[in-house]
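Student: Could you walk me through this model, one feature at a time?
Tutor: Happy to; here it is.

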Amino acid sequence: MSPTEAWSALSTDAAAQLLDVRTVAEWAYVGLADLSGIGKTPITIEWKQFPTMAVNDRFVDLAVAAGARKDAAIYFLCRSGVRSRDAALVMTQRGYGPCFNIATGFEGDHDASGHRGTVGGWKVEGLPWKQG
């Protein structure tokens, strides 16, 4: 689903959750979805751990400890929609959700110059976010 569709669902479903699976470095330097306007906070758990980018074998346990619920829709976000898709599949297999992947992620697809941040994504779609 698109970031705008996810925002709409998060805004209208009181139980819906956003689980950002990017790295600590991405949250700190690129930015983080700001859900404060709808009275929510994103759950932040690395799917792949920086700097090695090895899959976090404690991901599900950490997500549950951070508040992920089996009875709530969970929207997964990463940079471009790849890591979040993998995390959503694992959580679905473990009985959580429904789980949804935000396809273009936080930064969107590459543009003609190979840069992110101008083609799709949470930030480009004008959704609330903060940095640092």
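Student: Before we start, where does Met 53 lie?
Tutor: Good place to begin, with a word on the model. It is predicted, so local features need pLDDT of at least 70 and side-chain atom pairs 80 or more, while totals for chains, interfaces and linings use all residues. Residues are numbered from 1 along each chain as its sequence is written, and side-chain values use heavy atoms, without hydrogens and water. Strands are DSSP runs of E with at least two residues, numbered from the N terminus, and Met 53 lies in the loop between E4 and E5.

Student: Is Met 53 buried, partly exposed or exposed?
Tutor: Buried means under 20% relative accessible area and exposed over 50%, with partly exposed in between (1.4 Å probe, protein chains only). Because its relative accessibility is 33%, Met 53 counts as partly exposed.

Student: Which peptide bond is cis?
Tutor: Look at Pro 51, in the loop between strand E4 (48-49) and strand E5 (54-55). Omega is about 10 degrees for the cis bond, which joins Phe 50 and Pro 51.

Student: What is the strand order in the open sheet of four strands?
Tutor: Two strands pair if DSSP finds at least two bridges between them. Strand E1 (residues 17-20) and strand E6 (residues 74-77) have four bridges in the parallel sense. The edge strands, pairing on one side only, are E3 (43-44) and E7 (99-101). With parallel pairing, the order is E3-E1-E6-E7.

Student: And which residue in E6 is the bridge partner of Gln 17?
Tutor: Gln 17 falls within strand E1, residues 17-20, which pairs with E6. Its bridge partner there is Ile 74.
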